[in-house]
Amino acid sequence: MGNYYFDNSATSHPKPPEVAKYINEYLNNGGTYGRSAYDRVITVSRMVENTRVLLAQVIGTGLTNHVIFTSNATHALNIVIKGFPYRNKRILISPLEHNAVTRPLMHLLNVNGVQHYILPHRIDGYIDLDRMRLLDLKSYDLCIVNHVSNVNGVVQPIAELKDLLGDVPLLVDASQSAGHIPLEVDKNNIDMLALTGHKGLMGPTGTGCLFIRNPELVSPLVHGGTGSRSDSHLMPEHLPDRFEAGTPNVLGIYGLYGALSAKVNPGFSFDDFKELLNRIGSLNSFRLVSAGNSTNQAPLFSVTSSRYSPSELSNLLFKRYSIETRSGLHCAPLAHKTLGTFPAGSVRFSLSNFHSSNDLAYLYQALSELDHDSKQR
Amino acid sequence: MTQSKDKCLLLFQSIHRVMQTERLIVSRGVYYQIIPVPKDYSSECGMCIEINCSDLALLEHDLQLNEIYFNIVKVKS
């Protein structure tokens, strides 16, 4: 049987075997991070810090202490959104943001009157850099961009965006790009980046991180014990402790270490993927929801059907073909409004390196049969 | 007792810096051990690294290069 799990944007499956191996190692040996200095603690502390180094490599930074462990990308995004000092009370966002961004922004609007404005964009939500040049960018405090849309997979041009923004800080939501696309925060001078460990990085749920270049800009979201400066009632200023109150998710971090140590080469090529999109795009009863330009396409996309609702289509795919997908709004109503698929949403297909070209062919065959059924009726 | 047997404690702000320093020490192949910070010395985290003072000069450059800030306490063995 092939790999018919196409819901990797929700959470990746399967995981590399190293994930279970390291989680098991931790369960057998125990220990916590810091706080003491006996061997069990030193071993755990070493593993947590080695994981931080691997994450820094994924992010593309030499500033390892600026990589903050979080419980997921939502947590990381909330640290910045709620701890940022808004002088102008104006934020720019992409038109494809997830509720992980828009809900904290609505909270900010209601509590502090901070307004958010949507960047000019093309029909697929790709940011229109030429029209963006017409904006008075210095009147904004912060710009937040979903690097890869979790609905249509469009990849935003974060390097060019940061060039245009200049001194305006950029927060990148890399939830769907980490593990698929080089992030290169140092090379591109990205100010802040949030990611999760359980999607493209193929680690366990409950793991994630925030990269923050200028930590003095942002107040901590959570206050508490860090195992450092214990004589003070105030949070330490130094990194990463400033943002890491409480015992970290050591079990998850061990699993993430396993994921980041593993080498999983993709079982399909980008050409295979492009061919899949082209073929699905030619099926009459389906609308392909993807990037307008395949060079801006990450390995996820959506479809809508002229015959089936998203939930009906998702259910049919599972019942008839054992294909697992996610239907509906994908926690991204703003993205669906931008893409013209609100309020019904779509069925999303998201790939991982564990897929083969045969799995992609199987997916096309299933959709093709459902398209044929539509013609018969 | 020779001076080379004197021990030095390296004290850091965070566990992150302790472990970063450990990687540098391992790459240099010098003797070290991680121990709890003795109660007589203040530190910003619970662990410190003990080395032979004779290795200090070798490591100081690496630590400065990596912008790792630390305090040194010399302990007569």
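The exercises below, each with a worked solution, concern a predicted model with a chain A and a chain B.

Local features in this predicted model need pLDDT of at least 70 and side-chain atom pairs count only at pLDDT 80 or more, while totals for chains, interfaces and linings use all residues. Residues are numbered from 1 along each chain as its sequence is written, chains are lettered from A in the order in which they are written, and side-chain values use heavy atoms, with hydrogens and water left out.

**Exercise 1.** Describe the interface between chain A and chain B, beginning with the residues that take part in the contact.

*Solution.* Begin with contact, which means heavy atoms within 4.5 Å; chain A brings 21 residues to it and chain B brings 17 residues. Next comes the buried area, that is, the accessible area (1.4 Å probe) that two parts lose on being put together, summed over both. Between chain A and chain B this area is about 1,400 Å², and carbon and sulfur atoms give 57% of it. On the side of chain A, the residues that lose the most area to chain B are Ala37(A), Glu49(A) and His238(A), which together account for 29% of what that side buries.

**Exercise 2.** Find which side chains meet in a salt bridge across the interface of chain A and chain B.

*Solution.* In general, side chains of opposite charge can pair when their charged atoms come close. The rule for a salt bridge asks for a side-chain nitrogen of Lys or Arg within 4 Å of a carboxyl oxygen of Asp or Glu. By this rule there is one salt bridge between chain A and chain B, and its partners are Arg46(A) and Glu22(B), at 2.6 Å from N to O. Over all chains, the count comes to twelve salt bridges.

**Exercise 3.** Locate Arg348(A) and Asp7(A) along the chain, and decide whether they are buried or exposed.

*Solution.* The side chains of these two residues, Arg348(A) and Asp7(A), form a salt bridge at 3.5 Å, N to O. Arg348(A) lies in strand E11 of chain A, whereas Asp7(A) lies in the segment before helix H1 (17-29), so that the pair links parts of the chain 341 residues apart; helices (H or I, at least four residues) and strands (E, at least two) are DSSP runs, numbered from the N terminus. Both Arg348(A) and Asp7(A) are buried, where buried means under 20% relative accessible area, exposed over 50%, and partly exposed in between (1.4 Å probe, protein chains only).

**Exercise 4.** Work out why Glu244(A) and Arg52(A) count as buried, and where the two residues lie.

*Solution.* Glu244(A) counts as buried because its relative accessibility is 12%, and Arg52(A) because its value is 0%. The two form a salt bridge, with their closest N and O atoms 2.9 Å apart. Glu244(A) is in the loop between strand E7 (208-212) and helix H7 (250-261) of chain A, and Arg52(A) is in helix H2 (residues 39-59), 192 residues apart.

**Exercise 5.** Determine how the buried residues of helix H6 (residues 158-165) of chain A are placed around its axis.

*Solution.* First list the buried residues of the helix, which are Ile158(A), Leu161(A), Lys162(A) and Leu165(A). They are on the same side of H6(A), because they cover an arc of only 95° around the axis, the arc being that of the directions from the helix axis to the C-beta atoms. Among the elements that cover these residues are helix H5 (129-132), strand E4 (142-146) and strand E5 (170-173) of chain A. After H6(A) comes Gly166(A), whose phi is positive, near 60°.
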